[in-house]
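Let's walk through this fold together, starting at one helix and moving into the core.

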Amino acid sequence: MAYNEYLADKLRQSLKERRVSFVEKNMMGGLCIMVDDKMCIGVIKDDLMARIGPHVYEEFLEKPGARIMDFTKKPMKGYVYVDAEAWEDNTMLNEWVDQCLKFNKEAKSSKKK
């Protein structure tokens, strides 16, 4: 199954409105959006994949539509999946985007030097 293009477009628009430079990469059967050479946010099937950071992980798991990201069959602390009910509304989507961008500043780049 391909990833949700509607969600991908909403993410692109949200990032463009913030004047954030990003690169899109197809990975894990979905779309990964890289900011500053770091995985920031993406789309897996119909879910938003949000890299929110380990320090707010538990708090954000309690938000509506959020659930553990277990892509590798093991929970990935600092990442969550977000159901459509929590990203269809632009205000809610922007909250997720804001948190991902906030953590992105702290995250380490996986780019080899």
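Which residue with a positive phi follows H1? That residue is Arg19, with phi near 60 degrees. Before going further, note that this is a predicted model, in which local features need pLDDT of at least 70, side-chain atom pairs count only at pLDDT 80 or more, and totals for chains, interfaces and linings use all residues. Residues are numbered from 1 along each chain as its sequence is written, and side-chain values use heavy atoms, with hydrogens and water left out.

Helix H1 covers residues 5–17; helices here are DSSP runs (H or I, at least four residues), strands are E runs of at least two, and both are numbered from the N terminus. At the N-terminal end of H1, Asn4 acts as a cap, with a side-chain oxygen 2.9 Å from the backbone nitrogen of Tyr6.

One face to look for is the buried set (under 20% relative accessible area, 1.4 Å probe, protein chains only). In H1 this set consists of Leu7, Ala8, Lys10, Leu11, Arg12, Ser14 and Leu15. These residues pack against strands E1 (23–27), E2 (30–35), E3 (38–44) and E4 (47–51), and against helix H3 (90–106).

Now for the largest nonpolar core (buried Ala, Val, Leu, Ile, Met, Phe, Trp, Tyr and Cys residues joined through side-chain atoms within 4.5 Å). It has 29 residues, and Leu11, Ile41, Leu48, Ile52, Val80 and Trp96 touch the most other members. H3 gives the largest share, 5 residues. Leaving aside neighbours within four places in sequence, Ile41 is in contact (heavy atoms within 4.5 Å) with residues including Leu11, Leu48 and Val97.

Methods: Expected span 1.5 Å × (residues − 1). Buried < 20%, exposed > 50% of the residue type's maximum accessible area, 1.4 Å probe, protein only. Polar contact = N/O pair within 3.5 Å; in protein donor to acceptor, adjacent residues only side chain to side chain.
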